[in-house]
Amino acid sequence: DLLEITTLDDMVYLGVKNDCSFIIGSYLNLYEHQSTINPNMPIRGFNYFSSIYRTYIQTQNLDIYGTVQVKLPTPRYIIFYNGEKELPDRSELRLSDAFMEKDGCLECVATVININLGHNEAIMNSCKTLLQYAQFVAKVREFLADGYYFAEAVNHAVDFCIEQDILRDFL
């Protein structure tokens, strides 16, 4: 009963969703997956949150013009990154970095979590599927480095992972 899916329908790119948004308890969670880091993610996140809050305010019949402060779910914005550019285990992207002047009044912070193999060991060990996804991506990259075309590299990685019981249920 505490879970409300808030993923926006118009955020689909080429038929693939790389984002997930939901309210659970008092938190509004936005998760995205990126293979290329984009410094504009906080701008996109800000727009995303704005749309979700607008809908939330309407569906909850909240009076934002009244004298009583309305309570909103606390936002969390996480980006799972698995690109080839080397990034630390955890970093932050800030909306305020895009401002022409540094005395602005808005902020949106996107926490970037590196999910490449060899990063964020505690997270990976607590989520077998995420660890296996990182293993699969690493294997695709290995086959690409061996000279295979992308489709061949993916096919070989799929075969390898199924044989090794990595993401077998997904593949």
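Mentor: First, some yardsticks: buried means under 20% relative accessible area, exposed means over 50%, and partly exposed lies in between (1.4 Å probe, protein chains only). This is a predicted model, where local features need pLDDT of at least 70, side-chain atom pairs count only at pLDDT 80 or more, and totals for chains, interfaces and linings use all residues. Residues are numbered from 1 along each chain as its sequence is written, and side-chain values use heavy atoms, leaving out hydrogens and water.

Trainee: Okay, why is arginine 44 called partly exposed?

Mentor: Its relative accessible area is 37%, so it falls between 20% and 50%.

Trainee: And what makes glutamate 32 buried?

Mentor: Glutamate 32 has just 5%, and that's under 20%, so buried it is.

Trainee: How do you know that arginine 44 and glutamate 32 form a salt bridge?

Mentor: A salt bridge needs a side-chain nitrogen of Lys or Arg within 4 Å of a carboxyl oxygen of Asp or Glu. Here the N to O distance is 3.6 Å, so the pair qualifies. Arginine 44 sits in helix H1 (residues 41-59) and glutamate 32 in strand S3 (residues 27-34), so the bridge ties together parts twelve residues apart in sequence. Helices (H or I, at least four residues) and strands (E, at least two) are DSSP runs, numbered from the N terminus.

Trainee: What makes glutamate 92 and arginine 94 a salt bridge?

Mentor: Their closest N and O atoms are 2.9 Å apart, so they're within 4 Å. Glu92 and Arg94 also join Glu107 in a network of salt bridges.

Trainee: Why does glutamate 92 count as partly exposed?

Mentor: Its relative accessibility is 47%, so it's in between again.
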